[in-house]
Amino acid sequence: MQHPVESDPAATRARVSRLSQEQAADRLAWLVPELNRHNRLYHRESAPEIDDRTYDLMYRELELLEARYPALVREDSPTLRVGGDPVGHLAPFPHRTPMLSLGNAFSADELREFDGRIRRQLGEAAPESIPFAVEGKLDGAAVELVYEDGVLTGAGTRGDGAVGEDILHNVKTIRAIPRRLHGDPLPSRISVRGEVFFPLEPFEAMNDAREARGEKRFENPRNACAGTLRKKDPSFAAASPLTFYAHSFGEVEGLELPGSHLAQLVQLSEWGLPVNSDLNTRHPDIEETILRVAELGALRNDLPYEIDGAVVKVDDTALQAVLGFLTRTPRWAIAFKYPPPQVHTVLRGVEFQVGRTGKVTPRAILAPARVGGVTVSSATLHNADHLTRLDLRYGDTVAIERAGDVIPKVDRVIVDADHAGRPAVTYPDTCPACGTHLERPEGEVDIRCPNSLSCPAQLHAGLRHFVSRGAMDIDGLGTKLITQLLDAGLVRRPSDLYRLDVPTLCTLERVGQRSAQSLVDAIARSRDRGLGHALAALGIPEVGEATARDLSLWFGTLDAIMEASPEALAEVHGIGDKVAARVRRFFDDPVFRAEVERLRQAGVAFPDVPEERRTPRGASEDPDAEAATSPIAGRTFVLTGTLPTLARSEAKKRILAAGGKVTGSVSKRTHYLVAGDAAGSKLDKAKKLEIPIIDEAALLEMLGSIQPD
């Protein structure tokens, strides 16, 4: 089934209004896991696949669906969360006051609706006109700074809104952030929220320097910023041109602040904290505010940093206090999200690039154009279907856009009188790297080179992935040295790295005895990276570091993963049928199984995860004796509809306490469907698969006296 995402918020609203409850349930069954997947890619793996606007539009659709059919709200819905989980390798940073996210607006009418909601909330207390503050929405990483008696004592990421990661060691290296506030009086304790970001020109210069050293360029400033702040070694942040703007307070102790939001920002500036005074403005009513939001959108292509929207806030902090908060957003603030900026330029050529999994991706070579604050000379064309939709021809004028999360893309062709006469852009029949006939697997949009371990492009990209920090972390083995090893015929697959010695490496140009020994030592250390990292290094399609870790903790051993059925793989939290099928196909391929065996023979450990560290998701991690012998132990349940007395969260807790599992979708692996009022498509699917259907009373009887902790 296709799952299109409209680019027009009004079209999304109209479509949702026409959906029946059953249709809405089907849409949610795709939308919630997909949004959670993109959250994981963004927050945990720093590898987003979609731009901000696409995510925001999907999220808006989810909100509309849940508002229309509240009974369909799933326990795993991202609307119940603020941000992403902390990544785990840094110390936790609790927020005394939650760091909430903002609701979104995509049109002037939605800003007027925002104003109307505020007036309804305030009732008779609403003033005739409500002044608003407007700020540029910087595209960086949200952080909180804590000052005690004027001294910087803490810094953390947003995390899930309640707990983030402690990044004080990196924040201290950012020159724009003062170690000590100045002025008198100062608050005894203050937490300041703001955005750490890369200015565009220093970011491009840093990327050019990385490329000159043979390192991979950062894809965009926001991802590079988030990744840098999460590193344990502060030298990376110290060497990066990161900067900071403050935009709000979390809490203040020992001092009364001005009653205006913008006046508070002025106070921050007087204490020595940088604020974006060039863009921060105050407007007497919503209509003037709308004009400023549009003006700011027109300016953003010429700014020295990226903004992806404008933040609109009630300026009167007393009114803010009256309005309060929803579960995850303040009622008194909203983010207006701009569409991606577009410019027109000329298509000069198309390159077809081969990735580590064999996917062949077309890349447009363009006449240089400035878009989103960056000069662009190339852009992605995604896949063959996208080429067909564009009807792209060499020499066409094209509209390109850069949405911040991904590399620039060609959005459409500007058709002119000569368009039909130009030569069309088509995919090659054979791999541009090795000449193997290209294939398009059934049911997939991607065209691939099947020559997995002999295609030089796949091997080069695969080796870069294998040695990366999230995989085997072989320090000193960069792009240029990998190219030398391949050109010299010293390495043909990852396992060959473990046969390298100092004399062999010293035969390469510019490799001396000391650097050769350092590399051999780094390769030796990588043998004991652990199962999760070693599994990630194999390069299984769609299995990144986080997914590899989840698989490792669930199954515990490489052999168990290699032999697991697609159904068993799909039981792992966050892994759907598509990823499970990919893992199964990978280990069914004799070429890849042979490479795993060569790695084992080379001493790569793939160590088993100790029993006490294995944490199967969705099941009780330490069920007591009563739970282990209950009729629910080991059984998989799906909850649907509204139960008479139990909230879904309570039902889930009690099932887990009894040793059972709770999943979000019905499949052949489901043991029971617990159905309440307004059960939708899950009920129909359970009937079709002949899954036992029980009500709340039957569930309570099975649970007996077992209660959650």
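Let's start inside the protein: this predicted model holds two cavities of 30 Å³ or more. The second largest cavity has about 30 Å³ of space, and its lining is made by T173, I174, R175, A237, A238, S240 and L242. By class, that lining divides into four nonpolar residues, two polar and one charged.

Now for the pockets. The second largest pocket offers about 760 Å³ of space. It is lined by 27 residues, and those closest to its centre are E63, G103, R117, L326 and T329. Helices α3 (52–68) and α4 (108–122), together with strands β2 (103–105) and β11 (333–337), each supply at least two residues of this lining. The lining counts twelve nonpolar, six polar and nine charged residues.

Stay with E63 for a moment, as it leads to the salt bridges. E63 pairs with R60, with the closest N and O atoms 3.8 Å apart. The two sit three residues apart in helix α3, so about one helical turn separates them. E63 counts as partly exposed because its relative accessibility is 34%, while R60, at 9%, counts as buried. R60 also meets E110 in a salt bridge, at 2.8 Å from N to O. Because R60 belongs to α3 and E110 to α4, this pair ties together parts 50 residues apart in sequence. Both R60 and E110 are buried.

Further along, E563 forms a salt bridge with R593 at 2.7 Å between the closest N and O atoms. E563 lies in helix α19 and R593 in helix α22, so the pair ties together parts 30 residues apart in sequence. Here E563 is exposed at 55% relative accessibility, and R593 is partly exposed at 28%. Elsewhere, R96, E148, R189, E251 and E253 are joined into one network by salt bridges that share partners. In total, the structure holds 37 salt bridges.

Key: Residues are numbered from 1 along each chain as its sequence is written. This is a predicted model: local features need pLDDT of at least 70, side-chain atom pairs count only at pLDDT 80 or more; totals for chains, interfaces and linings use all residues. Side-chain values use heavy atoms; hydrogens and water are left out. On a 1 Å grid over the protein atoms alone, a cavity is a set of points where a 1.4 Å probe fits but cannot get out, and a pocket is an open set with protein on both sides within 12 Å along at least five of seven lines; lining residues have an atom within 4 Å of a point. Grid points are joined across faces, edges and corners, and a volume is the space filled by probe spheres set on the points. Ala, Val, Leu, Ile, Met, Phe, Trp, Tyr, Cys and Pro count as nonpolar, Asp, Glu, Lys and Arg as charged, and the others, Gly among them, as polar. Helices (H or I, at least four residues) and strands (E, at least two) are DSSP runs, numbered from the N terminus. A salt bridge is a side-chain nitrogen of Lys or Arg within 4 Å of a carboxyl oxygen of Asp or Glu. Buried means under 20% relative accessible area, exposed over 50%, partly exposed in between (1.4 Å probe, protein chains only).
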